[in-house]
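Subject: Handover of a protein structure

Dear colleague,

Please find the sequence and the structure below. I would be grateful if you kept them open while reading the notes that follow.

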Amino acid sequence: MLVFAAMLLLGTLLGFVGAGGAGVMITMLSVGFDIPMHVALGTSLAAMVFTSLSGSISHFREGNVNRRLGLLMGAFGAVGAFWGAHVSSSLSSATLKPLTGVVLMVSALLIYLRVFHPQHPMFSMRCSNTKGARFWLLTVIVGMFNGLVSGACGVGATPFIQLTLLIIFNVPLYQTVGTTMLVILPIAALGSLGFLAAGHLDLTLFVQVLAGQIIGAYVGAKFTRMAPQLLLKSCMVLLPALGGIILLLAR
C-alpha cells in the first residue's frame with residue numbers, strides 16, 4: 001500500500017505539471033523503495049503502455065497525429081526497445097543507475113531549452129528532402145535509437161522523440177505532441193515485454209503503480225490551470241533533473 005500511496009502522490013504531481021514522469025517513477029521505486037533497478041525499469045515501461053494509449057487516442061481524435069510517421073517510427077522504435085530491454089538486463093544495477101541518471105539529465109536539459117528558449121537555433125534546424133530512401137533511412141535510424149534509449153533506461157525518451165520529429169521530419173509543433181504519444185506506445189509495449197521475458201516485471205507492483213498514477217494524474221490535472229506558467233515550466237525541468245541527480249548519487 002505504501003507504493004500505491006507514493007504513486008498516487010507522484011501521479012497527482014505529474015498530472016498537475018503535465019509531465020510523463022517515468023524517470024521520477026524509476027527513481028522513487030529504486031531508491032525510495034529499494035526495488036531492483038531492472039524491475040523498476042520494466043514497471044515504468046509497462047505503465048507507459050497505458051498512459052500513452054490514452055494520450056494517443058485523445059490526440060488522434062483531435063487530429064494531432066501524423067499517423068504514417070508515428071506508426072513507422074513506433075514500429076522501428078519497438079524493435080530498438082525490445083533489444084534495449086535485453087541489453088539492460090545484461091547490465092548490473094550499479095551500471096544502470098548512473099546510465100539512467102545521465103539520460104534523465106540530458107532529458108531535463110532538452111526540456112529546459114524547449115520550454116524556456118523555444119527560439120534556440122536547435123529548434124530552427126530543418127532537414128529537407130525527407131522522401132524516398134532518405135525518409136526510410138532516417139525513420140529506421142531515429143526510430144531504433146529512440147527505442148533503444150527507452151528500452152535500455154525504462155524512460156519514455158519523449159524529448160528525444162520530439163526533437164527528431166521537429167528537426168528531422170519538420171512535423172508541425174501541434175502534431176509533435178500527439179505523434180510522440182503514438183511513437184511511445186509500441187516502444188513501451190515491446191520494451192516491457194522484453195523485461196517480462198527476462199523476468200524483470202513484477203505484476204503486483206505494476207498494478208499498484210498504474211492505479212496510483214492514473215488516479216493521481218486525473219486529480220492533479222484538475223489544478224493545472226490554477227498554477228502560474230513559470231511554476232509549471234520549472235517543474236517540468238526540475239522533476240527529471242532531480243530524478244537524474246538522485247540516481248547518479250545513489251549507491
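In which helix does isoleucine 245 lie? Isoleucine 245 belongs to helix α10. Please keep in mind throughout that this is a predicted model.

Overall picture

The protein chain contains 10 helices and zero strands. Read along the sequence, its pattern is therefore α-α-α-α-α-α-α-α-α-α. Of its 251 residues, 50% count as buried. If one takes the contacts between residues at least 6 apart in sequence, 83% of them join residues at least 24 apart. The accessible surface of the chain amounts to about 12000 Å², and carbon and sulfur atoms account for 72% of that area.

As to confidence, the average pLDDT of the chain is 80, and 87% of the residues score at least 70. Among the elements, helix α4 (residues 67-89) has the highest mean pLDDT, 89, whereas helix α1 (residues 2-17) has the lowest, 77. Where pLDDT is low, the predicted coordinates should not be read in detail.

The nonpolar surface patch

Let us return to isoleucine 245. Is this residue buried, partly exposed or exposed? Its relative accessible area is 40%, so isoleucine 245 is partly exposed, a class that runs between 20% and 50%. Isoleucine 245 is also one of the residues of a nonpolar patch on the surface, together with Val102, Met105, Val106, Leu248 and Leu249. The accessible area of the patch is about 490 Å² in total. Helices α5 (93-116) and α10 (229-249) each contribute at least two of the patch residues.

Proline 98 is also found in helix α5. With a relative accessibility of 29%, proline 98 counts as partly exposed. Not counting residues up to four places away in sequence, proline 98 touches Ser93, Leu247 and Leu248. The last of these, Leu248, is a member of the nonpolar patch. Proline 98 and isoleucine 246 are 148 residues apart in sequence, yet their C-alpha atoms are 9.2 Å apart in space.

Serine 30

Serine 30 is part of helix α2, which spans residues 22-32. Why does serine 30 count as buried? Its relative accessibility is 2%, and buried means under 20%, so serine 30 falls in that class. A polar atom of its side chain lies 2.8 Å from the backbone oxygen of isoleucine 26. Leaving out residues up to four places away in sequence, serine 30 touches Ile35, Met37, Ala40, Lys97 and Leu247. Leu247 is thus listed both here and among the contacts of proline 98.

Two neighbours in helix α8

Threonine 179 is found in helix α8, and so is threonine 180. Threonine 179 has a relative accessibility of 0% and counts as buried. Threonine 180 is buried as well, with a relative accessible area of 1%.

Which residues does each of them touch, apart from those up to four places away in sequence? Threonine 179 touches Asn64, Val65, Asn66, Gly70 and Leu165. Threonine 180 is in contact with Thr158, Ile161, Gln162 and Leu165. Leu165 therefore appears in both lists, where contact means heavy atoms within 4.5 Å.

The side chain of threonine 179 also reaches the backbone oxygen of glutamine 175, at 2.7 Å. From C-alpha to C-alpha, threonine 179 and isoleucine 161 are 9.2 Å apart in space and 18 residues apart in sequence. For threonine 180 and glycine 70, the C-alpha atoms are separated by 7.1 Å, while the residues are 110 apart along the chain.

Two loop residues with positive phi

Two residues in loops deserve a look at their backbone angles. Aspartate 34 lies in the loop between α2 and α3 (37-61). Its phi is near 55°, a positive value in a residue other than glycine. With a relative accessibility of 64%, aspartate 34 counts as exposed.

Asparagine 170 lies in the loop between α7 (158-168) and α8 (173-197). Asparagine 170 is not a glycine either, and its phi is positive, at about 55°. At 45% relative accessibility, asparagine 170 counts as partly exposed.

With kind regards,

A colleague

Terms used. Residues numbered from 1 in each chain as written. Heavy atoms only, no water. Helix = DSSP H or I, 4+ residues; strand = E, 2+ residues; numbered from the N terminus. Buried < 20%, exposed > 50% of the residue type's maximum accessible area, 1.4 Å probe, protein only. Polar contact = N/O pair within 3.5 Å; in protein donor to acceptor, adjacent residues only side chain to side chain. Patch = residues over 30% accessible without salt bridge, like charges linked within 9 Å, V, L, I, M, F, W, Y side chains within 5 Å. Areas by Shrake-Rupley, 256 points an atom, 1.4 Å probe, with all protein chains shown as cover. Salt bridge = Lys/Arg side-chain N within 4 Å of Asp/Glu carboxyl O. pLDDT = per-residue confidence, 0-100.
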